[in-house]
Amino acid sequence: MSTHDQNPYEIVKKLLSESVEQLGLDESIYHILKKPMRVMEVSIPIRKEDGSVENYTGYRSQHLDVLGPCKGGIRFHPSVTLDEVKALSIWMSLKSAIIELPLGGGKGGVIVNPEDLNQRDLEELSRSYIRKITPVIGPEKDIPAPDMNTTPEIMAWMIDEYDKLRGYNIPGLITGKPIIIGGSEGRLDATGRGVVIHIREAANALNIDLSRATAALQGFGNVGSATAKFLHESGVKVVAVTDVSGGIYKEEGLNIPALLEFIGEGNVIADFKECESISNEEMFALPVDILIPAALENQITSETAPSIQAKIVAEAANGPTTPEGNRILEEKGTFIIPDILCNAGGVTVSYFEWVQNTMNYYWKEERVNKELEEKMIAAFKRVYEMKENKGCEMRQAAYMVGIRHLVLALQARGWIQNGDLSKL
Ligand code: NAD
């Protein structure tokens, strides 16, 4: 497989182009949507605790703000690239549009393996990155959040640095903060909670009884662990989980509460006892009903897709399926819940957090969860109806729902003068 096939920016552009065409829209819409409106590259030299100086590279991409300020996470990972950050910002625009949030798409990243840094150096890097992107962010401009390898603690360092620079407390700058400094109840679990709501809606559509269903998960970080918790609570038997350390399998079902406690104590999956070890490839091929990639991009590929037996693939991660992997699953009739729908619970509760910060009035967790559930169900319905109406797959339907919403905003702002939107 060529790297072009795995470049998320090339993948998202192709899907945008196909969806614009299928909606019967003018090609100029594709040319507006394909490029982020603003991209920043920053150099982040930090002096480490051992006295050495290292210069890291970071990015922030802001895709489109026709619906509201840009919004999206910050990723710390060695494989971050500019194209990846651009693609992720476009996915954020589509995600917010599908959920009908008044937000645009943004994303940031730093090329770093956080495991190589001690706590003091990680804090220095987090504060330095935010200093560099300060001119382009703010509660009315672009609101960052956590993503891979970034945590509420890192969000707290970042907002503290921003507040110091601006001279006052601006809680709406960043979401995914600790609750004590303006975070929202329910944010930590929101992405996983949303993933499981979509799995439930898909199971209803496919007449699958979740209380008899089995699942396997790749990734047990923020998203994967919360997804496993809510699957377990829904009666689903989670038989396999992998993370960066390895994987575990138990045919009778893993003890998820015990595993959550074990990981919460700072352990890794591979050290969890009384289960068999399993590789990512073996996990993908298990005869389960639901498969959930919740780690990295480009995991379901021409190599791994042929062995997948799951009826539902719930894309909790961003971009876990390559176009070729997608084609193979579609041919098998696998029901894919696409990433831009499946993991949108995170941005939804981040939106609630920003609303609460702006109002300076905080909601109880029941309200957060209830409003999240309403928004997830409505979005699933919009995408499913588009799929039924157009006779297409869920991924393309999700793109079309997102594009339709963005196009209506573009038209309202006069960007599209005489466009014929009647087919929308
Ligand atoms: P995280 O850093 O908390 O967890 C990542 C997990 O992936 C870890 O368990 C890690 O061990 C595992 N992993 C890494 N490499 C792996 C490998 N080769 N095989 C198996 N597992 C591996 O990150 P997260 O916040 O849970 O994000 C996971 C995915 O979900 C990303 O694609 C992210 O963009 C997406 N996402 C996150 C949020 C959010 O709210 N955090 C929201 C929407 C989408």
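**Exercise 1.** In what order do the 7 strands of the open sheet stand, and what is the pairing?

*Solution.* The model is predicted, so local features require pLDDT of at least 70 and side-chain atom pairs count only at pLDDT 80 or more, whereas totals for chains, interfaces and linings use all residues. Residues are numbered from 1 along each chain as its sequence is written, and side-chain values use heavy atoms, with hydrogens and water left out.

Begin with the elements: helices (H or I, at least four residues) and strands (E, at least two) are DSSP runs numbered from the N terminus, and two strands pair if DSSP finds at least two bridges between them. On that basis the order is E9-E8-E7-E6-E10-E11-E12, and the pairing is mixed. The edges are strand E9 (276-277) and strand E12 (335-337), each of which pairs on one side only. Next to the E9 edge, strand E8 (residues 246-249) is joined to E9 by 2 bridges, the two running antiparallel, and Ile-248 stands opposite Ser-277 in E9.

Finally, add the helix: H8 (residues 222-233) packs on this sheet and touches strand E6 (214-218), strand E7 (237-243) and E10, its direction making about 170 degrees with that of E6. Contact here means heavy atoms within 4.5 Å, and angles run from 0 to 180 degrees between N-to-C directions, with axes fitted to C-alpha atoms, for helices over the stretch in contact.

**Exercise 2.** Determine which strands stand at the edges of the open sheet of 5 strands.

*Solution.* Write down the order, which is E1-E2-E4-E3-E5 with mixed pairing. Strand E1 (38-47) and strand E5 (142-146) each have a single partner strand, so one side of each is left without a neighbour in the sheet. From one strand to the next, the twist averages 20 degrees. At the E5 end, 5 bridges join strand E3 (residues 70-77) to E5 in parallel, with Ala-145 in E5 as the bridge partner of Gly-73.

**Exercise 3.** Is Gln-299 buried or exposed, and what does its side chain reach?

*Solution.* Locate the residue in the loop between strand E10 (290-293) and strand E11 (312-314). Its relative accessible area is 16%, so Gln-299 is buried, the term meaning under 20%, with exposed over 50% and partly exposed in between (1.4 Å probe, protein chains only).

Next, take the polar contacts, which are pairs of N or O atoms within 3.5 Å; within protein, one must be able to donate a hydrogen and the other to accept it, and residues adjacent in sequence count only if both atoms are side-chain atoms. The side chains of Gln-299 and Gln-218 are joined by one of 2.9 Å, while the Gln-299 side chain reaches the backbone oxygen of Glu-297 at 2.8 Å.
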